[in-house]
Amino acid sequence: MTHDRERTGPAWGTFLELADPAGGPLHTRLARALRDAIADGRLAAGSTLPASRVLAADLRCSRWVVTEAYAQLLAEGHFEARSGSATRVRAHAGTPAPRGPGAGPARWTPRFDLLPGIPDLRAFPRKRWADMVRAATTELTWDELGYPDAAGLPRLRRQLASYLARGRGARVEPDHLVVCAGTLDGVLRLCRTLRAAGHTRVAIEDPGWTQLRLTVAAAGLTPVPVAVDGQGLRVDLLRRATAVRAVIVAPAHQFPTGVVLAPARRAELADWAREVDGLIMEDDYDAEFRYDRHPVGALQGMAPDHVALLGSLSKTLSPAVRLGWIAAPGRWTEALVARDTGGAPPPVIDQDAFSRFLTSGSYDRHLRASRLRYKRRRDRLLRELAARLPGAAVGGAAAGFHLLLPLRDCPADAVVKEAAGHDVRLASLDDYRAVPEDPGPDASASTLVVGYGNLTDQAVPEAVRRLAAAVERVRDGRSATHRVSRPDREPPRPGGPSAPPAAAAPPPPAPRPAARPS
């Protein structure tokens, strides 16, 4: 449902087609145009109409033409007018605004959203961030309010260089930092730069974040899947792809398996990049959130001439901030900010607000509080899973805010669909594979990816109860996924509460693996 504040704004500036004089007198054509604007949603229910003299001036006609048209729609019930108040579109006039070509049905908002990659949106530091935005708006110089530096606000780059050196062990010069709109934006810029330099292929981890594969392809390069095992990316397989001189890897916490790139593999990968004069795009995914192991420094610190370190605020603050960075080797920096890479820096006000957030210590305090919150929630989730699904060998729980839940004799895809019918959304590990896994001798095993970042602590027991019930129904052959699907109502990435569906409501389509914020 659209909020009142979105429906009651002024309707001034609405496009009205009055061009054809053969359509009758001008006031008749205006009434028809207003009626059409209501029907197709350009004039939303509750929106205010401009005063008759204002609209008459805009249309370059007499005020009488407008008052006659308004009177006609008032008489028809499309408009309502109260003494001392503006004329408005009646609440039930016309039809709902269309969602655009191919927009599909309304999005599903599950009661329990267990997709991975979404942070705790309720914990966004609204007041402190608003203070920083207010200070930036007040104190930015006139020059800084002009067109921004293509590489980003200089003082933010200095602060980021200091933060990455202190917190991630990176070796970064401020002049080699580029502020961007997030990890995917950074990958797209790097891939376009690589293509201009003659690269044709980029290796990606498999399984891995689906959007990375799509972004590589969108830049005109061929993604080459390379398997991940218990020690991270298989560098031996990467070496066999002789046409590849660039790779995207998440060494601190691989998504979605959660493995850390082993020290020997890190050294081997850095050696490979030097040998082929290539580029490692290091996705610093989940580097800030680890609970049962020591922090792992950035790979960039080992080979700064061959590693571009990418990070963003999507996981630490919110995907809505749309701010990230690329710490690139010096030879790539100039090309990254060229116009043909297609990137543009985030708004200067947001950049300055984050710079203040960093310098004040607010970012560090927010990260510490977040680590404690996620660890507490993870521990509760593990206890509930142990009680409801005893014997399940949970993996990938030492960092981040998702874990892997292997299932025996129970296909994960069927559980995803069954759980969706009971207002629980999650994903299967197979959703993230570019190349289907060879089942091998353990063909009875499959794996769920269970996120808990945007789940309240109080919701954990009920979410796990429903998940376990879905597993049992699939195992017992009582799954209801054969029922006719209801329209998909997948939400924008933030999850939110909603009433559970009726018992007979069929499940929506299974979620696809695009949920990790960029």
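This is a guided tour of a predicted model, stop by stop.

Residue numbers start at 1 in each chain and follow the sequence as written; side-chain values rest on heavy atoms, with hydrogens and water left out. Local features need pLDDT of at least 70, side-chain atom pairs count only at pLDDT 80 or more, and totals for chains, interfaces and linings use all residues. Helices (H or I, at least four residues) and strands (E, at least two) are DSSP runs, numbered from the N terminus.

**Stop 1: the aromatic rings**

Select Phe, Tyr and Trp. Across the whole structure there are 12 aromatic pairs. Rings, with the six-membered one used for Trp, pair if their centres lie within 6.5 Å; planes under 30 degrees apart are stacked, over 60 edge-to-face, and the rest tilted.

Start with Trp129 and Phe357. Their rings meet edge-to-face, 5.6 Å centre to centre, with 70 degrees between the planes. Trp129 belongs to helix 5 (residues 126-139) and Phe357 to helix 12 (residues 348-359), so this pair ties together parts 228 residues apart in sequence. Trp129 and Phe357 are both buried (buried means under 20% relative accessible area, exposed over 50%, partly exposed in between, using a 1.4 Å probe and protein chains only).

Move to Tyr163 and Tyr363. This pair is edge-to-face, at 5.6 Å centre to centre and 65 degrees between the planes. Tyr163 sits in helix 6 (residues 154-168) and Tyr363 in helix 13 (residues 362-388), so the pair ties together parts 200 residues apart in sequence. Both tyrosines, Tyr163 and Tyr363, are buried.

Now show the cluster. Ring pairs link Phe124, Trp129, Tyr163, Trp325, Phe354, Phe357 and Tyr363.

**Stop 2: helix 12 and its neighbour**

Select residues 348-359. The 12 residues of helix 12 should span 16 Å at 1.5 Å a residue, and the end C-alpha atoms are 16 Å apart, which agrees. The expected span is 1.5 Å times one less than the number of residues. Helix 12 is mostly covered, with 9 of its 12 residues buried. Among them are Val348, Gln351, Asp352 and Arg356.

Add helix 6. Helix 6 and helix 12 pack at about 40 degrees, their axes 9 Å apart. Axes are lines fitted to C-alpha atoms, for helices over the stretch in contact, and angles run from 0 to 180 degrees between N-to-C directions. Helix 6 and helix 12 are therefore oblique to each other. Angles under 35 degrees count as roughly parallel, over 145 as roughly antiparallel, 65 to 115 as roughly perpendicular, and the rest as oblique. Helix 6 passes helix 12 in a left-handed crossing. A crossing is left-handed if the near helix is turned anticlockwise from the far one by less than a right angle, and right-handed if clockwise.

**Stop 3: helix 7 and helix 8**

Select residues 183-196. Helix 7 has 14 residues, which should span 20 Å at 1.5 Å each; its end C-alpha atoms are 20 Å apart, in agreement. Of its 14 residues, 11 are buried, including Asp185, Arg189 and Cys191. Just after helix 7, Gly198 takes a positive phi of about 105 degrees.

Bring in helix 8 (residues 210-218). Helix 7 packs against helix 8 at about 30 degrees, with the axes 9 Å apart. That makes the two helices, 7 and 8, roughly parallel. Helix 7 passes helix 8 in a right-handed crossing.

**Stop 4: helix 2 and helix 4**

Select residues 26-39 and 63-76. The axes of helix 2 and helix 4 come within 8 Å and cross at roughly 50 degrees. Helix 2 and helix 4 are therefore oblique, and helix 2 passes helix 4 in a right-handed crossing.

**Stop 5: the loops**

Select Ala170, in the loop between helix 6 and strand 4 (177-180). Ala170 is buried, at 7% relative accessibility. Ala170 and Gln300 are 130 residues apart in sequence and 5.8 Å apart in space, C-alpha to C-alpha.

Most residues other than glycine have a negative phi, and most peptide bonds are trans. Check these exceptions.

- Asp206 and Pro207 are joined by a cis peptide bond, with omega about 0 degrees. Pro207 lies in the loop between strand 5 (201-206) and helix 8.
- Phe255 to Pro256 is a cis peptide bond, omega near 10 degrees. Pro256 is in the loop between strand 8 (246-249) and helix 10 (263-276).
- Arg322, not a glycine, has a positive phi of about 55 degrees. Arg322 is partly exposed, with a relative accessible area of 35%.
- Asp423, not a glycine, has a positive phi of about 65 degrees. Asp423 is buried at 2% relative accessibility.
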